[in-house]
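Work through the following exercises with the sequence and the model side by side. Each task is followed by a solution that goes step by step.

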Amino acid sequence: MKKIIYLQRIGDIDPGILIVLKKDLKWFFEKYGFKIVNIPNPIPLLKSEYDSYKRQYDALKIKKRLIKYVKIKDYNRVLGVLDVDIFSKYLNFVFGVADLPKNQNFGSALISVTRLKESFYRRTENIALFELRIVKEAIHELGHTFGLKHCINFCVMKFSNTLEDTDQKPPKFCEDCANKMDIITDNFD
Ligand SMILES: [Zn+2]
Ligand SMILES: [Zn+2]
């Protein structure tokens, strides 16, 4: 099993965001033996994934398409990154969604950076904070693809209902989740 996490731009998003994210994720996942690869070409968003009443995209529809696409390409772990507002089922908005797979050799997740920007809340943009929020949400959703569940400790796997929740959690696993992650990723090869 190849230990690679692919990053896929979806729709119109600043490619610079993915370059920074790749560097941050490399630093984080290197200890588990994972490489991070940026897929150069973006895939489009589809009209059928847009809810014109909510004025948001349906995260689960996008994720479903992403899964089909990466299975064809034989990518075993992929994170889609978007810059549009997304919702999931009954949640008004989400920062991201992920599979909690039975088969941990395959996983896909999505994050949206839209609500991680200070400017979304009409505040002055803070690039360092924006990038930190992105890496936290990325690690969180990727953590789910490895089978990690929500955690109540001071941990990146804590559920974020609001941006304040995201800001309060650290960009790392607690000891419990780190131990689980060690066991899971050891079994990869
Ligand atoms: Zn979660
Ligand atoms: Zn934890």
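**Exercise 1.** Describe the order of helices and strands along the chain, and then the overall dimensions of the chain.

*Solution.* Read from the start of the sequence, the elements follow the pattern β-α-β-β-β-α-β-β-β-β-α-α-α, which amounts to five helices and eight strands; here helices (H or I, at least four residues) and strands (E, at least two) are DSSP runs, numbered from the N terminus. This is a predicted model, in which local features need pLDDT of at least 70 and side-chain atom pairs count only at pLDDT 80 or more, while totals for chains, interfaces and linings use all residues. Residues are numbered from 1 along each chain as its sequence is written, chains are lettered from A and ligands numbered from 1 in the order in which they are written, and side-chain values use heavy atoms, with hydrogens and water left out.

Turning to dimensions, the C-alpha atoms fill a box of roughly 45 × 40 × 30 Å along the principal axes. Of the 189 residues, 51% are buried, where buried means under 20% relative accessible area, exposed over 50%, and partly exposed in between (1.4 Å probe, protein chains only).

**Exercise 2.** Find the donors of the zinc ion (ligand 2) and name the geometry of its site.

*Solution.* First, the protein donors (N, O and S atoms within 2.8 Å of the metal, or 3.2 Å for Na, K and Ca) are the SG atoms of Cys151, Cys155, Cys174 and Cys177, which lie 2.3 to 2.4 Å from the zinc ion. Next, their spacing in sequence reads C-x3-C-x18-C-x2-C. The angles among the four donor atoms are 106 to 113 degrees, and the site is tetrahedral, a label that requires all angles of four donors to lie between 85 and 135 degrees. Finally, both Cys174 and Cys177 are buried.

**Exercise 3.** Which strands stand at the edges of the open three-stranded sheet, and where does Tyr50 belong?

*Solution.* The sheet has the order 3-4-6 with mixed pairing, two strands being paired if DSSP finds at least two bridges between them. Strand 3 (50–51) and strand 6 (86–87) are the edges, each with a single partner strand, so one side of each lacks a neighbour in the sheet. Strand 3 pairs with strand 4 (residues 56–58) in the antiparallel sense over two bridges.

Tyr50 lies in strand 3, and its bridge partner in strand 4 is Tyr57. Leaving aside residues up to four places away in sequence, Tyr50 touches Arg55, Gln56 and Tyr57, a contact meaning heavy atoms within 4.5 Å. Tyr50 is partly exposed, with a relative accessible area of 37%.

Notes. Four donors count as tetrahedral if all angles lie between 85 and 135 degrees; four count as square planar and six as octahedral if opposite donors are over 155 degrees apart and all others between 65 and 115; anything else is irregular.
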